[in-house]
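Subject: Handing over the two-chain model

Hi,

Here is the structure I promised to pass on to you. Please have it open while you read, and my notes follow below.

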Amino acid sequence: MSDSLLSGKAAIAGLGATEFSKNSGRTELRLAMEATLAALADAGIDPKDVDGFSSYSVDKVPEYEIARLLGCDNVQFFSQVPHGGGAACGPVMHAAMAVATGVAKTVVVYRAMNERSWYRFGTGSYGFASSPIFDNVNYGWYMPHGFHTPAAWVGMFAQRYMHTYGATSEDFGRVAVAVRDFAATNPAAFFYEKPITLEEHQNSRWICEPLHLLDCCQESDGAVAMVITSVERARDLKQKPVIIKGASQGIADGQQSMTSFYRDDITGLPEMGVVAKEIYRQSGLGPDAIQTAVIYDHFTPFVLPQLEEFGFAERGEAKEFIRAGHHARGGKLPINTHGGQLGEAYIHGMNGIAEAVRQVRGSAVNQVDNVENVLVTAGTGVPTSGLILGEA
Amino acid sequence: MADQELIEKVRAMVGREYGRVYAWDKVNAPMIRHWCEVMGVSNPLYTDPAFARDAGFADVVAPPAMLQVWCMAGLDMENYPPGSTDENNFEVLKVIEPYGYPAVVAVNSDLYFDRHILAGERLYFTSKVDSVSDEKTTPLGTGFFVTVLMAYFSETAEGKPDEPVGKQLFRVFKFKPAQRPKAEEKPAGKAEKPAAKRPLPGISDDTRFFWEGCEAGKLLIQRCTGCQTLRHPPAPVCAKCHAFDWDTVEASGKAELYSFVVMHYPEVPPFDYPNPIGLIELDEGVRLIAGLVGIERDELKIGQRLQVEFERFDDQQTLPQFRPVAE
């Protein structure tokens, strides 16, 4: 452990989730309450004891309503982190900071959305208008050309990455095949018992060249919640404490949201580099100390530069790592053992944090042997975040 | 900010009065009956002479809400009966329009009634400019609320003053439309869907030069006048030296394909699919996103030489696009 004021101070003590689907058939508030109450029950914490909340955009369930329905009368900390999936690890970091500083003792972190049945993220129509507020002006460089989907924005980076390092669509496919293999043995996964082959990946239709359908995650409904408290208190609760050893957010030079096309080099994810440096520093750990990782996979191509930013492969060499199968079942760094967002569900990263918790607890359906530390990353191409979770 | 000259002109017109506009026909039972049928009004006072007489009236009564109807022009615009004024009681709109306020929308109309009007009466109205507001901004746009008050009279026998029967206040908004997708302006309930248009960009004071350049067929790049660094997308301040002053240079339009995608799904109108989009590196060194035109599949490769051209879409915006050229 380092001299960090954050590392090792807080733990994830409870975990709850709903089922993942394409149509939950109930309100987001209900999903949030189901997951939150399940997380509190998992931890063995009285709902009234919750005194902090954190979530992230574009979650529409307000913390005050959850607080009201839990019966909380003394909430001292709440935050909502921007940038959608890029924020995913941010609420855990905020909660850990609140606990480490004594601002709050019991923080619920949650994500609850009917993203598939109520919104959809990939329609190409987001209600941008022509008034001069920043988002309208910023996305005004793209919308008039019809360059308007996350898959397309990711594809622009991927094409350059492929050109620069010789990675291929098949390398992206190997990511999809490996996580779908994990999903196939995870009963909670949307694609349970539905593995794919590389050939199927290659034959799947174009969404946006260079991305095939099977490079893209499925949109999902569902909720995940967790409870964060001090390590000392967590030791006395029902579950094995999952220690927050490193937590950081990241914005780097030339940062934009999905459109950082103007950097000198667009083949890396320097905001992930910011996160990597900081969470390794806080935890005193390095890539060799990580047994399994949850690498944000809303689209396959960004998995490769993440492996590079976190030091699992040299710059441009993630394709060799992938071709060797190090990321797959039985590999030296199995990633996304729940099936990832490609295979389990797209809960914007929160289901990945949940998988990291299970891997540390030793309760994952695709449990990796001897897990001490798990890396979790958040959304790529946007201001982002990351965590190292581990055993005490 | 409204033009001071305009403000003075319209202020001077408030209180101006306009002459008589006559009704084509006397108030009459057939028109009342048609109106009542169309409007679904079933009060026998309006349609049954016997009932009206029992109620103490000499003939059927006109529904008060018909007040405006009697003096309307008819099917053809501005076709008023002989003797009517040829003045335009909304001439203030014509004064405002050339100052950049092309659009008009009716806002509200209030009717005031002095007494019942009976079949057989002949009506006319005179008008007065009641008020012109300060310049206001609404979701529709920026402009002026103009209120005209029309006073209705019933002609009486020679020598006696005509009798006031009611008033109508009519308010319109004469404005410069806010920029927004056209679809929103269509009234709800129209059967045919308006043709989809390309989304308009948000334009700010920091970026307007770029879009105005496109309208003029020029690809303009912002340049920091402090350190001469070129930048795109534009910003209010230089990220290198933090100087706020900038000017622009016109790009040669020569460029190279730095990266690209070909969009297939979802197909969103009005775009054609597959839709190739380039991350373009201009020879001047900055990058921008633009559509690729006239490009064959084997020309879609990083490093492909390109040249800018401009295309106007939907008669409302001009976009830069890039076409392959030989080395």
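Which residue stands opposite Glu209(A) in β12(B)? The partner is Val262(B). Please keep in mind throughout that this is a predicted model.

**Where the chains meet**

That pair belongs to a link between the chains: strand β5 of chain A (residues 206-209) runs antiparallel to β12(B), and two bridges join them. Across the whole interface, 33 residues of chain B are in contact with 32 residues of chain A. On the chain B side, at least two residues each come from β12 (254-263), β13 (275-282), β14 (287-292) and β16 (317-324). The biggest contributor there is β12(B), which gives six residues. Sorted by class, this side of chain B has 20 nonpolar residues, ten polar ones and three charged ones.

**The sheet of chain A**

Chain A has an open sheet of nine strands with mixed pairing, in the order β3-β2-β4-β7-β1-β8-β11-β10-β9. Its edges are β3 (77-81) and β9 (292-294) of chain A, each of which pairs on one side only. Ignoring direction, neighbouring strands in this sheet are turned against each other by 25 degrees on average. At the β3(A) end, β2(A) (residues 52-56) pairs with β3(A) in the parallel sense over five bridges. Within that pairing, Gly52(A) faces Phe77(A) of β3(A).

Two helices that pack on this sheet are worth a look. α10(A) touches β8, β10 and β11 of chain A, and its direction makes about 145 degrees with that of β8(A). Helix α14(A) (residues 350-361) touches β1 (10-17), β4 (106-114), β7 (221-230), β8, β9, β10 and β11 of chain A. The direction of α14(A) makes about 180 degrees with that of β10(A).

**A closer look at α10(A)**

Helix α10(A) covers residues 270-283. With 14 residues at 1.5 Å a residue, the helix should span 20 Å, and its end C-alpha atoms are indeed 20 Å apart, so the expected and computed spans agree. The helix is mostly covered, with ten of its 14 residues buried. Among them are Met272(A), Val275(A), Ile279(A) and Tyr280(A), but Glu271(A) and Gln282(A) are buried as well. As a reminder, an α-helix has 3.6 residues a turn, so residues three or four places apart point the same way. The buried residues of α10(A) pack against β8 (242-250), α11 (303-309), β10 (373-377) and β11 (384-390) of chain A. Just after the helix comes Gly284(A), with a positive phi near 70 degrees.

**One residue in α7(A)**

I also looked at Glu170(A), which lies in helix α7 of chain A (residues 169-184). Is Glu170(A) buried or exposed? The answer falls in between: Glu170(A) is partly exposed because 15 other C-beta atoms lie within 10 Å, where 20 or more would make a residue buried and 12 or fewer exposed. Leaving aside residues up to four places away in sequence, Glu170(A) touches Leu198(A) and Gln202(A). The C-alpha atoms of Glu170(A) and His201(A) are separated by 8.0 Å, although the two residues are 31 apart along the chain.

**Chain B as a whole**

Chain B has six helices and 16 strands. Its radius of gyration is 31 Å, whereas a compact globule of 327 residues would have one near 20 Å. Along the principal axes, the C-alpha atoms fill a box of roughly 95 × 45 × 30 Å. Buried residues account for 27% of chain B. Of the contacts in chain B between residues at least 6 apart in sequence, 63% join residues at least 24 apart.

**Strand pairings in chain B**

β5(B) (residues 123-132) pairs with both β1(B) and β7(B). With β1(B) (residues 17-22), the pairing is antiparallel over four bridges, and Tyr18(B) has Ser127(B) as its bridge partner. With β7(B) (residues 141-154), the strands also run antiparallel, joined by nine bridges; here Val132(B) stands opposite Val146(B).

Elsewhere, three strands of chain B form an open antiparallel sheet in the order β10-β9-β11. β10 (230-231) and β11 (246-250) of chain B each have a single partner strand, so one side of each is left without a neighbour in the sheet. Two bridges connect β9(B) (residues 220-224) with β10(B), and Gln222(B) has Arg231(B) as its bridge partner.

Best wishes

Definitions and conventions. Residues numbered from 1 in each chain as written. Chains lettered and ligands numbered in written order. Predicted model: local features only at pLDDT ≥ 70, side-chain atom pairs only at ≥ 80, totals over all residues. Expected span 1.5 Å × (residues − 1). Contact = placed C-beta atoms within 7 Å. Pairing = 2+ DSSP bridges. Nonpolar A, V, L, I, M, F, W, Y, C, P; charged D, E, K, R; others polar. Axes fitted to C-alpha atoms, helices over the stretch in contact; angles between N-to-C directions. Rg over C-alpha atoms; globule rule 2.2 N^0.38 Å.
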